[in-house]
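Let's take a walk through this one together, starting with its charged side chains and working out to the sheet and the core. Keep the viewer open as you read.

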Amino acid sequence: EDKAALMQKLGRKELTVQLTEPLAALPPELAAWQLTLSEGGRELRYSFDRHAEGTGIPALLARMSELRLDFSDLETKQSSLEDIFVALVSERRAA
């Protein structure tokens with residue numbers, strides 16, 4: 001497929017939330033978002049499909065507010081064509 005079609009079909013986005021205080025573990029109340037914790041507990045990462053009907057980001061941020069998890073910065077990153085290629089090759093090797 002051409003680049004635009006691959007990006008449209010397989011592209012993902014990732015939200016990174018910089019926490020003001022590190023977490024030792026992910027709170028169970030955030031399990032629905034399948035987050036990963038990195039940078040010594042100072043970053044929450046959430047991968048989502050940018051074409052989905054709802055990304056879940058507003059609900060995630062509201063839940064974090066309810067849990068009093070403060071953050072200093074938000075960043076989003078879209079997967080590159082290279083990221084997509086590496087994922088496809090990895091899937092083929094696993095199969």
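**A charged trio, and what surrounds it**

Start with Glu14, Glu43 and Arg45, which are tied together in a network of salt bridges. Before going further, bear in mind that you're looking at a predicted model.

Take the two links of that trio in turn. Glu14 and Arg45 form a salt bridge through their side chains, with 3.1 Å from N to O. That pair connects distant parts of the chain, since Glu14 sits in strand β1 and Arg45 in strand β3, 31 residues apart. The other link runs from Glu43 to Arg45, where the closest N and O atoms are 2.7 Å apart.

How buried or exposed is each member? Glu14 has a relative accessible area of 23%, so it counts as partly exposed. Arg45 is partly exposed too, at 26%. Glu43, on the other hand, has a relative accessible area of just 9%, and because the cut-off for buried is under 20%, Glu43 counts as buried.

How many salt bridges turn up in the whole structure? A full search finds three. Besides the links in the trio, there is one between the side chains of Glu66 and Arg63, at 2.7 Å from N to O. Both of these residues belong to helix α2 (residues 57-66), and they are three residues apart, about one turn of the helix. Glu66 is exposed, with a relative accessible area of 54%, while Arg63 comes out as partly exposed at 25%.

Now zoom out to the whole fold. The protein chain has three helices and four strands, and along the sequence they come in the pattern α-β-β-β-α-β-α. The strands make an open sheet of four, in the order β2-β3-β1-β4, and the pairing is antiparallel. At the edges you'll find β2 and β4 (71-78), each of which pairs on one side only. From one strand to the next, the twist averages 25°.

It's worth tracing β3 in particular. Strand β1 (residues 13-19) pairs with β3 (residues 43-48) in the antiparallel sense over six bridges. Within that pairing, Thr16 stands opposite Arg45, and Gln18 has Glu43 as its bridge partner. So which residue of β2 also has Glu43 as its bridge partner? That's Ser38. Strand β2 (residues 36-38) and β3 are joined by three bridges and run antiparallel. Four residues lie between the strands in this hairpin, and Glu39 takes a positive phi near 55° there.

Stay on β3 for the aromatic side chains. Searching the whole structure gives one aromatic pair. The rings are those of Tyr46 and Phe48, with centres 5.6 Å apart and planes at 20°; planes under 30 degrees apart count as stacked, so this pair is stacked. Both partners are out of the solvent by the accessibility criterion: Tyr46 is buried, with a relative accessible area of 9%, and Phe48 is buried at 6%.

Tyr46 is also a handy guide to the interior. Setting aside neighbours within four places in sequence, Tyr46 is in contact with Lys13, Glu14, Leu15, Trp33, Leu35, Thr55, Gly56, Ile57 and Leu60. Notice that Glu14, from the charged trio, is among those contacts.

Where does Tyr46 fit in the nonpolar interior? Tyr46 is one of the residues with the most contacts inside the largest nonpolar core, alongside Leu15, Leu30, Leu35, Leu44, Leu60 and Met64. That core has 14 residues, and β1, β3 and α2 each supply at least two of them.

Finally, step back to the chain as a whole. It has 95 residues, and 24% of them are buried. Among contacts between residues at least 6 apart in sequence, 67% join residues at least 24 apart. The salt bridge between Glu14 and Arg45 gives you a concrete link of distant parts to look at, with its two ends 31 residues apart.

Key:
Residues numbered from 1 in each chain as written. Predicted model: local features only at pLDDT ≥ 70, side-chain atom pairs only at ≥ 80, totals over all residues. Heavy atoms only, no water. Pairing = 2+ DSSP bridges. Phe/Tyr/Trp six-rings, centres within 6.5 Å; stacked < 30°, edge-to-face > 60°. Buried < 20%, exposed > 50% of the residue type's maximum accessible area, 1.4 Å probe, protein only. Salt bridge = Lys/Arg side-chain N within 4 Å of Asp/Glu carboxyl O. Axes fitted to C-alpha atoms, helices over the stretch in contact; angles between N-to-C directions. Core = buried A, V, L, I, M, F, W, Y, C linked by side-chain atoms within 4.5 Å. Contact = heavy atoms within 4.5 Å.
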